[in-house]
Structure formats: C-alpha cells, structure tokens
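This report concerns the surroundings of a bound ligand and the charged pairs of the protein. The structure is shown first.

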Amino acid sequence: MESHINQPMVARAFNSAAADYAHYAALQREVARRLDGHLAFTKISPKRIIDIGCGTGFLAACLRARFPKADLLALDIAPAMAAACRRQIGRRRLPWQPRRMVLCGDARRLPIQDASCDLVASNLTMQWLPDPAAMLREMRRVLAPDGLLLFSTFGRNTLCELRQTLAAIAPEHAGRVLPFPDVMSLGDLLSQQAVQLPVTDCDRLVLTYADTTALVRELKGMGASASAIRFRGGGLGGRKLLRQLEARYPKNSERRIAASFEVLYGQAWHKPAPAEQRAGVIPILPA
Ligand SMILES: C[S@@+](CC[C@H](N)C(=O)[O-])C[C@H]1O[C@@H](n2cnc3c(N)ncnc32)[C@H](O)[C@@H]1O
C-alpha cells in the first residue's frame, strides 16, 4: 500500500515543534518510561546504545540513567530536535567517561557501521516513516551479536474516536487520520528480520481534552499534525471542519472529549543472518 507520509514534511513539522515539544509530549514521555521499563526484565549490559528518532531525548535520558557506563548515540532527522537532545543528555567531560553523541540523520540510512550497537532503541518514531520495514532492516543491520532491538510505535486504534467522528461527517474524511499497523502485522514485520525471540505487546492510553481545539493543538504541538492528521485540503477549510468535529465528537459526563492512543512495543534479539551463519561455520574435516 502506498504511504501518504511525506518525510520532508514530517521533519519540518518536528523541527517547528521542538521548542514546545516537552510541554505537549506527556504521552511520549510516559511511553519512553514504559519502553525503558521493558529493559528491567532483560539481562543486558550494552557497551554502545543508539536511540533512533530521539526527539528532545526522553528515552535517551532513561537509557543514560539505566546504563551510565555505555556510550550513547542519539539521532533525529529534525535538527532542532537533535539540538534539544544534545542539551538534554550533555556531553562527556572527561576522556574516560562514556561518550554521548547526538547526530542529525535518517533512520532509513543510519550513518553507522553494521553490527556496532548492543542496544538499538526507538520510541514512537517508526509510525512517521513511510516504510517501517526499511527502518527495522536498518535497526537490524546495526545490531551487534547478542544485542537487543527495542521500540514502540502507534497501533491501529490510535485516535479511533477522531477517525470515527471524521468518518461520520463525511466518509472521505476518515482518511485524514493515517492508518497505523495492528499488533499482528507488526509482529510479522519483526519476525521477517534476522532476529530471535521476537515479542510484541500493546498498551492503551486514553487522554481527555476540554474540546477538539485542545486535542488538535496538542497533536500539532507533538509535531503530529503534518503526518497523522490532515485538516486542510479535500474541499473543507480547517475551521469549518473543526466546527463540525466539535459538534459531533462524543463528550463524556464531564463534557470533555477522549482520545485513545494504542501503543505497540516490539523487542527481539540478534540472530545471525544466513550469510553471517555461513561465514561463521568452521568446516569439520574428516580425520
Ligand atoms: C514522536 S517523536 C518521538 C521523539 C522521542 N523518541 C520521544 O520519545 O519523545 C518522533 C521523532 O522521530 C523523528 N523522525 C521522524 N522521521 C525520522 C527519520 N526518518 N529518521 C530519524 N528521525 C525521524 C522526528 O523528528 C521526531 O523527533
């Protein structure tokens, strides 16, 4: 299926959102905390970690605290996000301290060597790429033997109330909220990589807002408006659509509106790819 995600637009949206991101991104901060929590159940002492799509550094900060001796590399496509993350995680002050490096780069072409990171992590970034499989392949490429790949992304039921309300206004508006994957297809994607013990699970977080304007403002503040929702174009001006949304969006008993975010988590361990396995085989010669 052709994706409607336009990466240059995504990068611009997150670049503009960087200054106020921390104010609007309570959800991302919470999911970073939960993703980091997955590491409490694994036996891993990484020497080198990469956080892909680091944003302002919520996950990078958790990883730095959990593995203070590891070198940490964080990367984001939006320069303003990378700059904010650099301020957040700091740099090493003394030569014997672990390295902290933040780069501006693309998850689809990581500027690092094959098999160079023991922990390859990413929080709520994969959903902004037109081809999540390409990002997973890159994550696997840079994963070192015995390393762990760990990420979160939004799932199919994310913003389901918004999608349903838009569809009730006019069926063609349902497409304004872009499709997110379900947990099964994410599991399939993960299993297609050279990994072992792949595990997926999911969480549902429901946030409430005073009205639809507050919801849209928050999505915009998270940088999501350019990619997750499209209010302009398609024959309806933004304001008219917002008025229709406000009239139709279901309200709870406190006259607030709810928005669901389904978060999918994926985790898997390195497994040698068939070519790597062949290269590693020591031929046993007959005596
Ligand atoms: C929702 S934010 C999440 C940021 C951070 N991981 C967090 O938990 O707050 C998604 C981030 O992915 C970045 N991003 C989007 N596409 C990317 C790509 N192709 N390569 C690297 N970063 C990308 C965006 O610039 C943005 O900072």
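A residue is counted as near the ligand if one of its heavy atoms lies within 4 Å of it. The model discussed here is predicted.

## Ligand shell

There are 21 residues around the ligand, and those that come nearest are Gln7, Gly53, Asp76, Ala107 and Asn123. Sorted by class, this shell comprises twelve nonpolar, seven polar and two charged residues.

Which helix gives the largest share of the shell around the ligand? Helix H1, spanning residues 7-17, does so with three residues.

## Polar contacts and burial

Two side chains and one backbone group are described here as polar partners of the ligand. A polar side-chain atom of Asn123 is 2.5 Å from a ligand oxygen atom. In Tyr21, an N or O atom of the side chain lies 2.8 Å from an oxygen atom of the ligand. Gly53 takes part through its backbone, where an N or O atom is 2.7 Å from a nitrogen atom of the ligand. The ligand taken alone exposes 590 Å², of which the protein buries 100%.

The burial can be set beside the cavity search: the space that the ligand takes is the largest cavity.

## Salt bridges

How many salt bridges does a search of the whole structure find? The search finds 13. One salt bridge joins the side chains of Arg33 and Glu30, with an N to O distance of 2.8 Å. Both Arg33 and Glu30 belong to helix H3 (residues 26-38), where they are three residues apart, about one turn of the helix.

Note on methods
Residues are numbered from 1 along each chain as its sequence is written. This is a predicted model: local features need pLDDT of at least 70, side-chain atom pairs count only at pLDDT 80 or more; totals for chains, interfaces and linings use all residues. Side-chain values use heavy atoms; hydrogens and water are left out. A polar contact is a pair of N or O atoms within 3.5 Å; within protein, one must be able to donate a hydrogen and the other to accept it, and residues adjacent in sequence count only if both atoms are side-chain atoms. Accessible areas come from the Shrake-Rupley method with a 1.4 Å probe; for residues, only the protein chains shown count as cover. On a 1 Å grid over the protein atoms alone, a cavity is a set of points where a 1.4 Å probe fits but cannot get out, and a pocket is an open set with protein on both sides within 12 Å along at least five of seven lines; lining residues have an atom within 4 Å of a point. A molecule sits in a cavity or pocket if more than half of its atoms lie within 2 Å of its grid points. Helices (H or I, at least four residues) and strands (E, at least two) are DSSP runs, numbered from the N terminus. Ala, Val, Leu, Ile, Met, Phe, Trp, Tyr, Cys and Pro count as nonpolar, Asp, Glu, Lys and Arg as charged, and the others, Gly among them, as polar. A salt bridge is a side-chain nitrogen of Lys or Arg within 4 Å of a carboxyl oxygen of Asp or Glu.
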